[in-house]
Amino acid sequence: MQRFLLSPNFYLDEFCRSQTAERLGRPIVVEQNSEIFQNLKQLCATVLQPLRDELGVSITITSGYRPKWLNDHIGGSQTSHHLFGLAADLVVSGVPPLQVAQAIERLNLPFQQVINEYGSWTHVAVPPIGEEPQRQALTFSHNGEQRCVKAGLHDVVQA
């Protein structure tokens, strides 16, 4: 199987993995000539590769491109950037999600949205090609009953 390079350290297959899709027996396929492929290349070139270069360690993509059927199945937002290959959820071994999100912000990378999600992973999205980044920074936490959303990047204290 040929691996398609999106940037020096990121491959297409990293963005097409899903335990849910595997359980359902449904592969996630992205064609090389598609808008999704171009969006993933932009995500890698403008945010993920510069972040990896800065941190000097590998980045694990925990959720990348989500076809509509997968996004619906997991209860994802109907406006999720993941649907268009414009977002990734990631973890960096040895670096807390808050510090990863802060690095994205500090490096002045062209992100649409960066979220410290529950202190467990970092979500980053880029704008569609040709659009200016909104640079929205958020923190998601849970108070035991519901999700809490706070503007800015903060430590997460769970109930």
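What follows is a short chat about a predicted model, mostly on α2 and the nonpolar core.

Me: Why is S80 called buried?

Reply: Buried means under 20% relative accessible area. S80 comes in at 9% relative accessibility, so it counts as buried. You'll find S80 in the loop between α3 (68-74) and β4. Leaving aside neighbours within four places in sequence, S80 is in contact with R66 and N71.

Me: How do you know that the span of α2 agrees with its 21 residues?

Reply: The expected span is 1.5 Å times one less than the number of residues. For the 21 residues of α2 that gives 30 Å, and the end C-alpha atoms are 29 Å apart, so the two agree.

Me: Where does α2 bend, and what comes after the helix?

Reply: The bend is at C44, by about 45°. That angle is taken between axes fitted to the seven residues ending there and the seven starting there. After α2 comes G56, with a positive phi near 75°.

Me: What makes α2 stand out in the largest nonpolar core?

Reply: α2 gives the most to this core, eight residues, out of 36 in total. Also giving two or more are β4 (87-91) and α4 (97-106). The buried residues of α2, including F37, V47 and L51, pack against β1, β2, β3, β4, α4 and β6.

Me: Which core members touch the most others?

Reply: F15, L48, L90 and I104. Take I104: beyond neighbours within four places in sequence, I104 is in contact with V47, L51, L109, F111, V114, T122 and V124. Contact here means heavy atoms within 4.5 Å.

Technical notes: Residues are numbered from 1 along each chain as its sequence is written. This is a predicted model: local features need pLDDT of at least 70, side-chain atom pairs count only at pLDDT 80 or more; totals for chains, interfaces and linings use all residues. Side-chain values use heavy atoms; hydrogens and water are left out. A nonpolar core is a set of buried Ala, Val, Leu, Ile, Met, Phe, Trp, Tyr and Cys residues joined through side-chain atoms within 4.5 Å. Buried means under 20% relative accessible area, exposed over 50%, partly exposed in between (1.4 Å probe, protein chains only). Helices (H or I, at least four residues) and strands (E, at least two) are DSSP runs, numbered from the N terminus.
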